[in-house]
Amino acid sequence: MNKQEKEQYLRDYGTLKSQGKPFFPYAVAKDSAMAIVVMAVIIAMSIVLGAELGPKADPTSTTYTPRPEWYFFFLFELLKVIKPPALVPLATIGVPTICLILLFLLPFYDRGPERRPERRPIATTAGIFVVCAIGYLTYLGAAAGPPTEIDIPIPANVSSQGPEAVANFEAGSQVVAQSGCAACHRFGENGNSGPGPALTNIGARLPAQAIQRTLLNPSAPMPSFSALSEESPKQFAQMVGFLAALK
Ligand code: HEC
């Protein structure tokens, strides 16, 4: 702001101030009235409609798909994009904190007197970019598959065996994803890195029979999947085939 602009501003400010009403009690009264209306609406809605609680938690479920509230979808998606464990704190804490600090310091680093968006090209561009990025990430987060999804590129030893082997591999990957294995095991970039060992290359360590034996007779805390092998032997075989192909 140069000197001339500053004087102009102070003149305008003086004029407006002499015409205006003081903040207290006029603006405070208006704000309080509106705050009371909003509170009354919330109280009335919670009495009339009740709070939505969703279904009861089922601690035995291994296929539960945790989803954040819609307004957190962009952070959720950011977390999915930034996968390496070392960078996860950056996605969950770093990026939002940096954005908040930048927003907090805005009056200190943006000293321009202009208010009109078209005369503030940098701020306007940055604002539009942030809104678009949040919108896009929200859309991706809303459309994303369950976090239990396992996306591992089809290994060469499978693709060389023809389309049927590829289809079986993909079906097996889905069975594994739906069986909750990723809650305890890591598959490439997917799943938790404990308590079970990473299974990214399990096929190179264990032959199919040994994998099958583990699934039927695991040692605790891993649950047995013998029920799956009895109820749907085909899916069980696809799962074993998928794991044995991970080399
Ligand atoms: C509750 C956690 C948990 C779940 C769910 C789970 N596992 Fe495990 N799994 C383990 C643990 C812990 C071990 C290590 C046991 C040991 O070494 O005695 C293990 C071991 C294994 C092994 C042997 C690994 C090795 O290197 O010897 C295989 C294969 C395996 N799990 C596959 C699966 C598959 C496939 C699923 C899903 C169908 C699954 N697990 C679900 C916890 C789990």
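Helices (H or I, at least four residues) are DSSP runs, numbered from the N terminus. This is a predicted model, where local features need pLDDT of at least 70, side-chain atom pairs count only at pLDDT 80 or more, and totals for chains, interfaces and linings use all residues. Residues are numbered from 1 along each chain as its sequence is written, and side-chain values use heavy atoms, with hydrogens and water left out.

**Exercise 1.** Work out which helices supply at least two residues each of the shell around the ligand, and how the shell divides by residue class.

Solution. Start with the shell: 21 residues surround the ligand (a heavy atom within 4 Å). Cys181, Cys184, His185, Arg205 and Met222 are the closest. Next, the helices: H9 (202-205), H10 (208-216) and H12 (233-245) each give at least two shell residues. Finally, sort by class: 14 are nonpolar, six polar and one charged.

**Exercise 2.** Find polar side-chain atoms of His185, Arg205 and Ser219 that pair up with the ligand.

Solution. Look for polar contacts, pairs of N or O atoms within 3.5 Å. Take His185: one of its polar side-chain atoms sits 2.7 Å from a ligand nitrogen. Then Arg205, with a polar side-chain atom 2.3 Å from a ligand oxygen. Last, Ser219 has a side-chain N or O atom 2.4 Å from an oxygen of the ligand.

**Exercise 3.** Explain why Cys132 has no disulfide with Cys99.

Solution. First, count disulfides (cysteine sulfur pairs within 2.5 Å): there are zero. Cys99 is in none, and its nearest cysteine sulfur belongs to Cys132, 15 Å away. From the Cys132 side, the closest cysteine sulfur is that of Cys99, so at 15 Å the gap is too far for a bond.

Methods:
A polar contact is a pair of N or O atoms within 3.5 Å; within protein, one must be able to donate a hydrogen and the other to accept it, and residues adjacent in sequence count only if both atoms are side-chain atoms. Ala, Val, Leu, Ile, Met, Phe, Trp, Tyr, Cys and Pro count as nonpolar, Asp, Glu, Lys and Arg as charged, and the others, Gly among them, as polar.
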